[in-house]
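Got your viewer open? Let's walk through a few selections, one stop at a time.

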Amino acid sequence: MIAKMYFEPCVEPYFHRDSYGYRPGKSAMDAVAVTRLRCWKYDWVLEFDIKGLCDNINHELLMKAVRTHTDNPRLILYIQRWLEAHIQMPNKGTPISSND
């Protein structure tokens, strides 16, 4: 939680306004509400499948992004250790991607 409290304000301004996942002050219901409004405004749909997205994160690229937004060595170390942790719940976590 301490890492989140420190790092979140550093990266929050860079997220797209339509990004709702795990964002402060935004929820899945907010995303549904915006989607419902836009259904009446546009006559096209963009659909994609994000299943497994977080299971295939390239750790080197992620850490490069982290270092872009902080130079705090402890925060960088904690995030790196979380990514490399060998304990993993079924269908959860960020194992090393096949992109490495």
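What is the count of buried residues among the 14 residues of α2? Zero, so α2 is hardly covered, buried meaning under 20% relative accessible area, exposed over 50% and partly exposed in between (1.4 Å probe, protein chains only). A quick note before moving on: this is a predicted model, where local features need pLDDT of at least 70, side-chain atom pairs count only at pLDDT 80 or more, and totals for chains, interfaces and linings use all residues. Residues are numbered from 1 along each chain as its sequence is written, and side-chain values use heavy atoms, with hydrogens and water left out.

Keep α2 selected (helices are DSSP runs of H or I, at least four residues, and strands are runs of E, at least two, numbered from the N terminus). The end C-alpha atoms of α2 are 20 Å apart, which agrees with the 20 Å its 14 residues should span; the expected span is 1.5 Å times one less than the number of residues.

Now pick Ser-27, at the start of α2: one of its side-chain oxygens comes within 3.3 Å of the backbone nitrogen of Met-29.

Next, jump to Asn-58, in the loop between α2 (28–41) and α3 (59–69). Asn-58 is buried, at 14% relative accessible area. Look for polar atoms of its side chain: one lies 3.0 Å from the backbone nitrogen of Glu-60, and the backbone nitrogen of Leu-61 also has one at 3.0 Å.

Last stop: select Lys-26 and Tyr-20. The charged end of Lys-26 sits over the Tyr-20 ring, 4.7 Å from its centre (the cut-offs: NZ of Lys or CZ of Arg within 6 Å of the ring centre and within 35 degrees of the ring normal).

Key:
Polar contact = N/O pair within 3.5 Å; in protein donor to acceptor, adjacent residues only side chain to side chain.
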